[in-house]
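Biologist: Could you take a close look at one part of this model for me? Pick a single helix, go through it slowly, and then tell me how it sits with the rest of the chain.

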Amino acid sequence: TAGPLGDVSFVLRGSVGAKLSEVRETVGEKISSSERIKLQEHLRNTTSPLVEIKRLIRDRLGFFFEPDGLLEYRAEIDNYIPIALNFLALPALVFFFCGA
């Protein structure tokens, strides 16, 4: 077909989703049920270290991403900001007055 609809149809037939569907059908035809189970177990076993790292990171840093995660530390943070700024400003002032 010619025209814009023909172009769209051509693009959709060559899209990633269409190709993935074709691959799924091919894999389904070529891999038996027992082979598929073995492959799934192998994938789970090989990816389990990555899943464990993801869980560890989520458990350790999750409070940063929770809505009220940092509110309980806010008073402490507010107290330490002026101290930290003084420690940063003091060397800059010394360098400015003594280095010039």
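Modeller: Let's start with the bend in helix 4: the axis turns by about 25° at tyrosine 80, and a proline, proline 82, follows within four residues. The bend at a residue is the angle between axes fitted to the seven residues ending there and the seven starting there. Helices here are DSSP runs (H or I, at least four residues; strands are E, at least two), numbered from the N terminus.

Before going on, a word on what you're looking at: this is a predicted model, where local features need pLDDT of at least 70, side-chain atom pairs count only at pLDDT 80 or more, and totals for chains, interfaces and linings use all residues. Residues are numbered from 1 along each chain as its sequence is written, and side-chain values use heavy atoms, with hydrogens and water left out.

Back to helix 4. Its end C-alpha atoms are 37 Å apart, which agrees with the 38 Å that its 26 residues should span at 1.5 Å a residue. That expected span is 1.5 Å times one less than the number of residues. As for cover, there's hardly any: 0 of the 26 residues in helix 4 are buried. Buried means under 20% relative accessible area, exposed means over 50%, and partly exposed is in between (1.4 Å probe, protein chains only).

Phenylalanine 96 and phenylalanine 97 are both exposed. The search for aromatic pairs gives a count of 1, and these two phenylalanines form an edge-to-face pair, 5.1 Å centre to centre with 75° between the planes. The rule is that rings of Phe, Tyr and Trp (its six-membered ring) pair if their centres lie within 6.5 Å; planes under 30 degrees apart are stacked, over 60 edge-to-face, and the rest tilted.

Helix 4 (74–99) also shares a nonpolar surface patch with helix 3 (33–65), each supplying at least two residues. The patch covers about 1,100 Å², and its members include Ile53, Phe64, Tyr73, Ile77 and Leu85. Leucine 85 lies in helix 4, but the largest share, 6 residues, comes from helix 3. Patch residues have over 30% relative accessible area and no salt bridge, with nonpolar side chains (Val, Leu, Ile, Met, Phe, Trp, Tyr) joined within 5 Å and like charges within 9 Å. The areas are Shrake-Rupley values with a 1.4 Å probe, and for residues only the protein chains shown count as cover.

So what about the span of helix 3? A straight helix of 33 residues would span 48 Å, yet helix 3 manages only 41 Å between its end C-alpha atoms. There's a kink of about 45° in helix 3, centred on aspartate 59.

The whole structure has 2 salt bridges, meaning a side-chain nitrogen of Lys or Arg within 4 Å of a carboxyl oxygen of Asp or Glu. One joins lysine 38 to glutamate 35 at 3.9 Å, N to O; these two are 3 residues apart in helix 3, so about one helical turn separates them. Lysine 38 is exposed at 52% relative accessibility, while glutamate 35 is partly exposed at 42%. In the other, glutamate 52 meets arginine 55, with the closest N and O atoms 3.1 Å apart. Both glutamate 52, at 45%, and arginine 55, at 39%, are partly exposed.

Zooming out, the protein chain has 4 helices and 0 strands. Of its 100 residues, 3% count as buried.
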